[in-house]
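Biologist: Before accepting any label attached to a model, I would like to see the value behind the label and the cut-off that the value is set against. Could we go through the terms one by one in that way?

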Amino acid sequence: MDITMVGIDYRDAGLDIREKFSYTKREQEETIKHLKQLEGISGCVLLSTCNRTELVLSYTEEWNQDEKKLFCGLKALEPEQYAQYLHIRHGMEAVQDLFALAGGLKSQILGEDQILTQMKDAADFSRQLFGTDKILETLFRMAVTAGKEVKTKIVLPSSNHSAPLAAIAGLERDGASFREQKCLVIGNGVMGRLTAQLLLDRGADVTVTIRQYRSGIVDVPRAAGRIDYSKRYEKMPECRYIFSATASPNTTITLEKLPVEQLQQDTVFVDLAVPRDIQEEIGTLSGITLYDIDDFGAELPEEAKQSLAAARKLLQEKTQEFQSWYDARDVVPMLLKISEKASEDVMARVTGQFRKNLPVLQKNVEEADQAAAEEIVRKSVQKVVNKLMFSVRDSVDVSTFRDCVDAMSDLYNEEPEGEKDGSR
């Protein structure tokens with residue numbers, strides 16, 4: 001199977017290493033365009049989130065590069081220094097890993113919801129840049145569908161469904177209470193909006209920083225206050241909790257600009273971004289506590305193990321469906337050709353009977369109407385044959401399915417032309 005997956009995630013690397021491999025949208029675009037120009041790469045999808053960066057490739061026989069070197073080289077990093085933090089999967093191992101990722105089983109927060117959207121967005125983004133091929137299109141579509149099915153059918157009892165929720169829940173476990181507390185949320189993207197809403201749900205007084213986008217549309221929870229991003233430092237002395245959750249590659253809070261003397265005692269900073277939004281040195285200041293997303297992992301309790309086993313079983317079944325599709329993908333053009341020939345066969349037989357038994361009626365039928373009727377029959381036959389054959393494909397092993405296709409191909413390839421006039 002010509003699929004490979006190379007990447008880095010929270011299990012093998014801390015935030016200080018992961019952030020070196022994070023991508024902005026512009027960097028993703030440049031990288032995808034670069035990869036598509038490399039000999040041997042048929043398709044590529046680049047997934048970059050807080051917890052991981054994954055590069056998924058489909059390749060041809062011309063491909064002969066070392067994936068870890070490629071992955072590091074894309075960020076101008078030395079493979080010898082970072083290869084120990086990377087993982088690489090080939091073939092079905094890569095497929096299984098991607099399906100498990102979609103099901104939320106590889107996330108730091110078990111069963112978290114955001115990964116499905118992130119995977120779908122990554123595939124869509126690559127598609128817009130003509131970076132995907134049929135294999136990766138199908139792989140990501142089936143993986144996301146499988147992930148949705150896991151979330152619909154299986155309940156993971158203790159799963160926190162987002163990094164913001166995990167952070168807030170973790171602080172609450174340590175005794176924090178947000179009711180009537182003033183909180184500042186830096187960033188009004190997906191993570192920022194979610195953070196703000198979770199704090200509002202707990203009775204906090206929340207202010208969100210905004211930037212004016214070209215569209216003029218700023219989407220933040222209605223109950224939250226708003227200040228311009230440039231005013232963030234002025235707002236901090238009022239706030240006990242300060243969350244930063246932007247997609248910016250730049251630091252949003254620096255020690256140099258922080259009004260340290262004006263801050264409340266026991267001010268808590270929570271950095272939910274990768275790469276980091278908040279300068280690490282801030283965490284060393286007296287009276288200030290700084291958290292990042294690695295501080296809020298979720299442990300799996302005993303009651304969730306059965307659900308986890310069920311999720312793994314479902315995902316395994318779905319990966320087998322992908323493998324069946326992959327192994328038989330070259331047969332699809334043959335199926336379409338067979339259905340076309342079958343429709344021609346049916347039309348020959350129908351037309352023969354039509355001419356033989358209904359000569360008077362035929363004369364009264366306009367040629368345009370007759371052509372339209374023939375086209376309807378032809379398409380209907382193709383749909384029926386396709387439905388039957390794809391049903392067979394999903395019900396038997398690949399070898400048996402190929403035998404069926406070969407038999408049908410032989411039927412139409414070897415059938416004498418004289419037998420197509422309806423005489424059989």
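Modeller: Let us begin with burial, where a residue counts as buried when its relative accessible area is under 20%. Please keep in mind throughout that this is a predicted model.

Biologist: What makes strand β1 mostly covered?

Modeller: Strand β1 spans residues 3-9, and seven of its seven residues fall in the buried class. I3, M5, G7 and D9 point one way from β1, whereas T4, V6 and I8 point the other way, and all are buried. In a regular strand the side chains alternate between the two faces of the sheet.

Biologist: How do you know that β1 is paired with β3 and with β4?

Modeller: Pairing requires at least two bridges between the strands. Seven bridges join β1 to β3 and four join β1 to β4, so both pairs satisfy the definition. β1 runs antiparallel to β3 and also antiparallel to β4. As examples, M5 stands opposite V56 in β3, and V6 has I88 in β4 as its bridge partner.

Biologist: Why are β2 and β4 called edge strands?

Modeller: The open sheet has four strands in the order β2-β3-β1-β4, with antiparallel pairing. β2 and β4 (87-90) each have a single partner strand, so one side of each is left without a neighbour in the sheet. From one strand to the next, the twist averages 15°. Between β2 and β3 there are seven bridges, and V45 stands opposite V56 in β3. Helix α2 lies across β2 and β3, running at about 160° to β2.

Biologist: Why is T49, which lies in the loop between β2 (41-48) and β3 (52-59), called buried?

Modeller: The relative accessibility of T49 is 10%, and the cut-off is under 20%, so T49 belongs to the buried class. T49 touches Q118 and V274, leaving aside residues up to four places away in sequence.

Biologist: What makes the approach of the T49 side chain to the backbone nitrogen of N51 a polar contact?

Modeller: A polar atom of the T49 side chain lies 3.3 Å from that nitrogen; the limit is within 3.5 Å, so the distance meets the criterion.

Biologist: How do you know that R276 and E19 form a salt bridge?

Modeller: Their closest N and O atoms are 3.2 Å apart, and the cut-off is within 4 Å, so the pair qualifies. R276 lies in the loop between β9 (267-271) and β10 (288-292) and E19 in the loop between α1 (15-18) and α2 (25-36), so the bridge ties together parts 257 residues apart in sequence. R276 has a relative accessibility of 13% and therefore counts as buried.

Biologist: What makes D292 and R276 a salt bridge?

Modeller: The closest N and O atoms of D292 and R276 are 3.7 Å apart, so this pair also meets the limit of 4 Å. It links D292 in strand β10 with R276 in the loop between β9 and β10, 16 residues apart. At 15% relative accessibility, D292 counts as buried.

Biologist: Which salt bridge ties helix α7 to helix α11?

Modeller: E149 pairs with K318, the closest N and O atoms being 3.2 Å apart. E149 lies in helix α7 (residues 134-153) and K318 in helix α11 (residues 305-328), so parts 169 residues apart in sequence are tied together. Both E149 and K318 are buried. The structure holds 20 salt bridges.

Conventions: Residues are numbered from 1 along each chain as its sequence is written. This is a predicted model: local features need pLDDT of at least 70, side-chain atom pairs count only at pLDDT 80 or more; totals for chains, interfaces and linings use all residues. Side-chain values use heavy atoms; hydrogens and water are left out. Buried means under 20% relative accessible area, exposed over 50%, partly exposed in between (1.4 Å probe, protein chains only). A polar contact is a pair of N or O atoms within 3.5 Å; within protein, one must be able to donate a hydrogen and the other to accept it, and residues adjacent in sequence count only if both atoms are side-chain atoms. Contact means heavy atoms within 4.5 Å. A salt bridge is a side-chain nitrogen of Lys or Arg within 4 Å of a carboxyl oxygen of Asp or Glu. Helices (H or I, at least four residues) and strands (E, at least two) are DSSP runs, numbered from the N terminus. Axes are lines fitted to C-alpha atoms, for helices over the stretch in contact, and angles run from 0 to 180 degrees between N-to-C directions.
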